[in-house]
Amino acid sequence: MKPATAPTAAALTAEVLDMRRTSPVPNPLNDLARSGAISQEHLRSLVIVELRNHEPELAAYGILLSRFPQNPAATYFGRLAGMVYQATPRLLDTIERMGITDEDIAAHPASLPCYAYAGTMSWIALHGSIAGAALAAWVDVDAYYTQTFALLDIIESAGIQVPEAFTTYYRNGTPDKWHRSALEVIQYGLDHGDDPREALLCGRLMDECIGEFWLAATALPQG
């Protein structure tokens with residue numbers, strides 16, 4: 001993986017987006033939606049996979065806060081942890097509104113793609129630099145919201161009925177606000193000696209594991 005031409009936050013995010021263009025990360029769930037093959041069970045699966053990743057995501061941000069207690073990193077990672085924490089009750093409400101039971105959650109296929117996000121977040125939290133973790137968070141927000149907003153547009157255009165809680169949960173987000181904060185933290189890390197090549201690795205890994213997240217959502221219980 002080549003380093004950015006200049007060690008700046010803007011250059012790194014541009015590099016990640018360029019890698020996304022030249023080596024696209026598939027989204028099998030949205031592909032199903034575009035083909036008309038998506039079902040309510042797939043949307044229920046998405047919510048279950050989301051739930052499985054909330055706890056490890058919170059833990060990862062806790063580790064980052066303990067490793068990087070200085071600002072602006074601490075404030076940024078703390079706000080991300082707060083976002084996930086505050087989203088959990090809304091996710092649980094969505095689960096209830098969709099009629100998902102504990103038995104449904106237990107029956108969902110616990111394949112490797114289901115845990116790719118948790119594994120990547122854990123590795124970055126333990127070993128990533130400030131710039132690497134913040135670039136991964138930038139990619140996470142960008143990839144996640146771009147694709148969930150697209151999914152909602154597709155299912156709404158197709159007239160697929162979902163509970164209002166589902167739409168509210170996945171429409172709730174202002175990526176631009178998070179992008180601005182991430183850029184500040186990425187630049188802080190670079191200015192304090194973080195390796196831009198390592199940061200790029202973290203960013204690309206996050207893009208790829210988000211793709212695995214969508215793949216996990218296409219898995220349905222057998223039998």
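## Salt bridges, ring pairs and helix packing in an all-helix model

Asp104 comes out as partly exposed, its relative accessible area being 25%. That value, like the others here, is computed from a predicted model. What does the side chain of Asp104 meet in a salt bridge? The partner is Arg44, with N and O 3.1 Å apart. This pair ties together distant parts of the chain, since Asp104 belongs to helix 5 (residues 102-107) and Arg44 to helix 3 (residues 40-67), with the two positions 60 residues apart in numbering. Arg44 has a relative accessibility of 16%, and because the cut-off for buried is under 20%, Arg44 counts as buried. So this bridge joins a partly exposed acid to a buried base.

Stepping back to the whole chain, the secondary structure amounts to ten helices and zero strands. Read from the N terminus, the order of elements is simply α-α-α-α-α-α-α-α-α-α. How does the radius of gyration fit a compact globule? For 223 residues such a globule would come out near 17 Å, and the protein has 17 Å, so the two agree. The C-alpha trace spans about 50 × 35 × 30 Å along its principal axes. Of the 223 residues, 49% are buried. Looking at contacts with a separation of 6 or more, 88% are between residues 24 or more positions apart.

Back to the charges: the total is eleven salt bridges. Some of them stay inside one helix. In helix 1, Asp18 and Arg21 sit three residues apart, about one turn of the helix, and they form a salt bridge whose closest N and O atoms are 3.7 Å apart. The cut-off is 4 Å, so a 3.7 Å approach qualifies. Asp18 is partly exposed at 31% relative accessible area, whereas Arg21 is exposed at 59%.

Helix 10 offers another pair of this kind, Glu208 and Arg204, placed four residues apart, again about one turn of the helix. Their side chains meet in a salt bridge with an N to O distance of 3.1 Å. Is each partner buried or partly exposed? Glu208 is partly exposed, with 37% relative accessible area, while Arg204, at 11%, counts as buried. Salt bridges with shared partners also join Arg20, Asp142 and Asp207 into one network.

Now for the rings. How many aromatic pairs does a search of the whole structure find? The search turns up eight. One of them brings together Tyr76 and Phe77, with ring centres 5.4 Å apart and planes at 50 degrees, so the pair is tilted. Both partners are shielded from the probe to the point of counting as buried: Tyr76 at 2% relative accessibility and Phe77 at 0%. Tyr145 and Phe149 make another tilted pair, their ring centres being 5.6 Å apart and their planes at 40 degrees. Why is this pair neither stacked nor edge-to-face? Stacked needs planes under 30 degrees apart and edge-to-face needs over 60, so 40 degrees leaves the pair as tilted.

Tyr145 and Phe149 lie four residues apart in helix 7, which puts about one helical turn between them. Their surroundings can be read from accessibility: Tyr145 is buried at 8%, whereas Phe149 counts as partly exposed at 22%. Tyr145 and Phe149 also belong to one aromatic cluster together with Tyr144, Phe213 and Trp214.

Helix 9 deserves a closer look. What span should its 17 residues (175-191) cover at 1.5 Å a residue? The expectation is 24 Å, and the end C-alpha atoms are 24 Å apart, so the helix agrees with it. Its buried residues are Pro175, Trp178, His179, Ser181, Ala182, Val185, Ile186, Gly189 and Leu190. They pack against four partners, namely helix 1 (9-22), helix 4 (73-97), helix 7 (130-157) and helix 10 (196-217). Trp178, one of these buried residues, also has the charged end of Arg79 sitting over its ring, 4.6 Å from the ring centre. Just past the end of helix 9, Gly193 adopts a positive phi of about 95 degrees.

Definitions and conventions: Residues numbered from 1 in each chain as written. Predicted model: local features only at pLDDT ≥ 70, side-chain atom pairs only at ≥ 80, totals over all residues. Heavy atoms only, no water. Expected span 1.5 Å × (residues − 1). Buried < 20%, exposed > 50% of the residue type's maximum accessible area, 1.4 Å probe, protein only. Contact = heavy atoms within 4.5 Å. Phe/Tyr/Trp six-rings, centres within 6.5 Å; stacked < 30°, edge-to-face > 60°. Lys NZ or Arg CZ within 6 Å of the ring centre and 35° of its normal. Rg over C-alpha atoms; globule rule 2.2 N^0.38 Å.
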